[in-house]
Amino acid sequence: MPKLKTRSAAKKRLQVKKSGKVKHGKAYGKHLFTHAKTPAQKRRNRGTGHLRDMDAKKVIKEMFPYGAN
């Protein structure tokens, strides 16, 4: 059997941790901080987050055939 390929887009945007959680960057936080965003929105968009368990399970199954490395 040939090796299965990891989805390239997924490996650039998501990281599977050893605990089985999937780490991701927050959405809407890359630009336009000079206007149109409240301070609360700016604060919430900092850093990274983790997917919910049910979503993480789907992502690992579909996009990371070998799971956490």
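Biologist: In what order do the three strands form the open sheet?
Modeller: Happy to start there, and keep in mind that this is a predicted model. The pairing in this open sheet is antiparallel. Strand 1 (14-16) and strand 3 (48-50) stand at the edges, each with a single partner strand, so one side of each has no neighbour in the sheet. The order of the strands is therefore 1-2-3.

Biologist: Which residue in strand 3 stands opposite H24?
Modeller: Let's look at strand 2, residues 22-25. Strand 2 pairs with strand 3 in the antiparallel sense, over three bridges. In strand 3, the residue standing opposite H24 is G49.

Biologist: What pattern does the chain follow along the sequence?
Modeller: The chain holds three helices and three strands. Its radius of gyration is 15 Å, well over the 11 Å that the globule rule gives for 69 residues, so the chain is more spread out than a compact globule. Read along the sequence, the pattern is α-β-β-α-β-α.

Biologist: How many residues make up the largest nonpolar core?
Modeller: Nonpolar side chains tend to be buried together in soluble globular proteins. Here the largest such core includes L14, V16, V59 and F64. Strand 1 and helix 3 (53-63) each supply at least two of its residues. With A10, V22 and A56 also in the core, the total is seven.

Biologist: Is F64 buried or exposed?
Modeller: You will find F64 in the segment after helix 3. Leaving out residues up to four places away in sequence, F64 touches T6, A10, K11, L14, V16 and V59. Its relative accessible area is 9%, and a residue counts as buried under 20%. So F64 is buried.

Biologist: How far apart in space are F64 and V16, C-alpha to C-alpha?
Modeller: Both residues belong to the largest nonpolar core, and F64 touches V16. In sequence they are 48 residues apart. In space, the C-alpha to C-alpha distance is 8.4 Å.

Biologist: What is the relative accessible area of N45?
Modeller: N45 sits in the loop between helix 2 (39-44) and strand 3. Not counting residues up to four places away in sequence, N45 touches K26, A27, Y28, G29 and K37. N45 is buried, with a relative accessible area of 18%.

Biologist: What share of the 69 residues in the chain is buried?
Modeller: For the chain as a whole, the exposed area is about 6,200 Å², with carbon and sulfur atoms supplying 55% of it. F64 and N45 are among the buried residues. The buried share of the chain is 17%.

Methods. Residues numbered from 1 in each chain as written. Predicted model: local features only at pLDDT ≥ 70, side-chain atom pairs only at ≥ 80, totals over all residues. Heavy atoms only, no water. Pairing = 2+ DSSP bridges. Helix = DSSP H or I, 4+ residues; strand = E, 2+ residues; numbered from the N terminus. Core = buried A, V, L, I, M, F, W, Y, C linked by side-chain atoms within 4.5 Å. Buried < 20%, exposed > 50% of the residue type's maximum accessible area, 1.4 Å probe, protein only. Contact = heavy atoms within 4.5 Å. Rg over C-alpha atoms; globule rule 2.2 N^0.38 Å. Areas by Shrake-Rupley, 256 points an atom, 1.4 Å probe, with all protein chains shown as cover.
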